[in-house]
Amino acid sequence: MVGIPSRHKSLVLLTGVIVLQLLLLAVQIKRDSQGRLIRVWTVGAVSPFERAGATGVGSIRGAWNHYFALQNTSRENERLRRENDTLKLQINQLQSKAGEADRLAALLNFRQSHQNIPMLGARVIGTSADTASQTAYLDRGERDGIRRNMAVITPDGVVGKIIESYRDTSQVLLLTDKDSGIGAMLAESRIQSPIGGMGEPLLAMKYVANDDTVNVGEHVVTSGMDRIFPRDLPVGTVAQIKPGNPFKQIRIRPAANLERLEEVIVLLSLQPLELKKEAGTPAAEATGKSGPSQTQTEKP
Amino acid sequence: MNDTYDLRVAEAHIEVHKFRGGAIVAATILALFLQTSVPVYFSKFAIIDLPLLITIYFGLSRRNPSTGLLLGMLIGLLQDSLSGPTVPLGLYGIAKTVVGYLASSIGARLDTEHPAARFALTIMFFGLHQGIVVLTRRLLLAQPEVWFTTHMGIAAAVNAIVGVFLFMLLDRLRKN
């Protein structure tokens with residue numbers, strides 16, 4: 001039997017290892033991407049550290065806010081009193097605007113009309129280990145009722161959907177990922193078009209004809225056609241419009257701050273959800289026109 | 001027993017370094033943990049590829065191609081496992097296997113202790129790593145990827161600068 005010269009052993013090993021990984025890739029390309037055991041093991045091994053890290057950061061923040069920050073309490077009190085007076089004035093002004101009530105009512109309507117649908121708050125404990133994919137890990141998993149394809153939102157807007165659910169952790173595919181897609185429509189004109197991620201901060205709205213009128217700053221909401229997200233949830237605003245052939249090239253700025261997610265809401269339902277509309281308060285108008293400051297009242 | 005030994009190749013006087021017990025495993029786990037956790041609070045951190053820097057460092061220091069490529073493969077597969085659905089298992093595994101092998105081979109022939117050499121090598125390996133990832137994506141996964149962007153250039157420089165300081169830190173894990 002012919003032995004391999006020692007100087008070539010590492011080269012043979014290199015070739016063998018690469019061929020093995022190429023086979024591994026080939027197997028994955030053939031099959032639909034399911035949760036692989038190595039993913040389960042690795043996530044299971046790393047998520048306790050991520051959880052501990054998130055808890056550690058939370059503890060440090062808590063200690064800082066509840067102890068060290070108290071040193072400036074009197075100055076802070078003075079500042080807050082002044083701020084409080086200003087805010088009272090602002091509230092009076094805001095109360096005079098009748099439209100505000102409608103918008104807030106429609107936003108609250110989402111929560112009220114889905115009281116039978118459990119929602120779960122979850123904390124973001126990690127992100128993707130590479131820059132090519134846009135995902136996040138949550139500190140809740142199968143034990144909390146989270147399953148694949150559940151919708152993930154924040155009070156500001158849509159975040160993404162669950163793509164993997166482990167025992168105590170789950171993975172969210174963010175809207176900005178290249179593989180991400182969502183049924184959406186323009187809030188005012190009700191023109192429908194799917195929106196997809198591009199691996200960049202902005203999203204792409206692909207199938208709006210050149211003849212249709214779209215304005216920068218127009219709000220975009222979910223259409224419900226993907227059967228994952230309920231209708232009329234805020235997705236974002238139109239940031240750029242360029243003529244294309246045959247469709248306009250429209251870029252959307254996400255309503256939710258996807259680059260700095262800390263807490264999200266998971267809609268614990270795999271059934272298509274429908275936002276109930278009340279007379280005189282069309283949810284689309286409301287969600288389309290309301291800003292992040294108003295949506296804070298929606299936080300469960 | 002002597003913890004270090006000399007390797008003479010082409011009349012070069014190259015020292016092979018050994019590390020404290022568990023240092024490589026701990027550094028690898030810490031790198032993966034930081035890579036997935038820090039961007040939650042500081043999104044710009046994602047530009048740094050800590051698993052790649054760890055692969056390069058231990059490849060250059062250990063100077064054993066077999067060890068280097070196996071460590072690169074392991075780190076790459078773990079990174080694949082923690083990535084999104086657009087990253088199949090093996091994508092970064094292949095890239096880091098090659099980087100680990102070449103880093104060990106170069107480390108066995110050149111003195112790579114000087115910060116300038118480390119800076120240049122990190123930029124070179126970052127480019128090679130990126131090239132293999134893009135090539136694999138285009139050929140095997142049919143994912144259209146550009147070969148070079150300004151962002152990649154900036155990322156290479158940032159990783160090289162971070163690498164120089166990180167390598168100095170990791171030098172402390174060596175056995176004397």
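From the N terminus on, the elements of chain B run β-β-α-α-α-α-α-α, which adds up to 6 helices and 2 strands. Helices (H or I, at least four residues) and strands (E, at least two) are DSSP runs, numbered from the N terminus. What you're looking at is a predicted model, in which local features need pLDDT of at least 70 and side-chain atom pairs count only at pLDDT 80 or more, while totals for chains, interfaces and linings use all residues. Residues are numbered from 1 along each chain as its sequence is written, and chains are lettered from A and ligands numbered from 1 in the order in which they are written.

**The two chains**

Chain A brings 6 helices and 12 strands. Of its 300 residues, 35% count as buried; in chain B, with 176 residues, the buried share is 46%. Here buried means that 20 or more other C-beta atoms lie within 10 Å of a residue's own, exposed means 12 or fewer, and partly exposed is in between, with C-beta atoms placed from the backbone.

Next come contacts, meaning pairs of residues whose C-beta atoms, placed from the backbone, lie within 7 Å. In chain A, take the contacts with a separation of 6 or more: 63% of them come from residues 24 or more positions apart. For chain B, 68% of the contacts between residues at least 6 apart in sequence join residues at least 24 apart.

Where the chains meet, chain A puts in 41 residues and chain B 35 residues. On the side of chain A that touches chain B, helix H1 (6-30), helix H2 (37-66) and strand E1 (119-127) each supply at least two residues. H1(A) gives the most, with 12 residues. By class, that side of chain A has 18 nonpolar, 13 polar and 10 charged residues. For the classes, Ala, Val, Leu, Ile, Met, Phe, Trp, Tyr, Cys and Pro are nonpolar, Asp, Glu, Lys and Arg are charged, and the others, Gly among them, are polar.

**How the helices of chain B pack**

Two packed helices are described by the angle between their axes and the distance between the axes. Axes are lines fitted to C-alpha atoms, for helices over the stretch in contact, and angles run from 0 to 180 degrees between N-to-C directions. Here are three pairs from chain B:

| Helix pair | Axis distance | Angle |
|---|---|---|
| H1(B) and H2(B) | 8 Å | about 160 degrees |
| H5(B) and H6(B) | within 8 Å | roughly 135 degrees |
| H2(B) and H5(B) | within 11 Å | roughly 125 degrees |

Angles under 35 degrees count as roughly parallel, over 145 as roughly antiparallel, 65 to 115 as roughly perpendicular and the rest as oblique. H1(B) and H2(B) are therefore roughly antiparallel. H1(B) also passes H2(B) in a right-handed crossing, meaning that the near helix is turned clockwise from the far one by less than a right angle (anticlockwise would be left-handed). Among the residues making this contact are Ile24(B) and Leu32(B) of H1(B), plus Ile54(B) and Phe58(B) of H2(B). The class count is 9 nonpolar, 2 polar and no charged residues.

H2(B) also packs against H5(B), and the angle makes these two oblique to each other. Their crossing is right-handed. Leu52(B), Ile56(B) and Leu60(B) in H2(B) meet Leu121(B), Thr122(B), Phe125(B), Phe126(B) and His129(B) in H5(B). That contact has 6 nonpolar, 2 polar and no charged residues.

H5(B) meets H6(B) too, in a right-handed crossing. The contact includes Phe119(B), Ile123(B) and Gly127(B) of H5(B), along with Ala156(B), Ala160(B) and Phe167(B) of H6(B). In this contact, 10 residues are nonpolar, 5 polar and 1 charged.

**Closer looks at H6, H3 and a loop**

H6(B) has 22 residues and reaches 31 Å from its first C-alpha to its last, close to the 32 Å expected at 1.5 Å a residue. The expected span is 1.5 Å times one less than the number of residues. Its buried residues are Ala156(B), Asn159(B), Ala160(B), Gly163(B), Leu166(B) and Phe167(B). H2 and H5 of chain B are among what covers them.

In helix H3 (residues 65-81) of chain B, 13 of the 17 residues are buried, so H3(B) is largely enclosed by the rest of the structure.

Finally, His17(B) sits in the loop between strand E2 (12-16) and H1 of chain B. His17(B) counts as partly exposed because it has 18 C-beta neighbours inside 10 Å. In sequence, His17(B) and Arg63(B) are 46 residues apart, and in space they are 8.1 Å apart, C-alpha to C-alpha.

Note on methods
Two residues are in contact if their C-beta atoms, placed from the backbone, lie within 7 Å.
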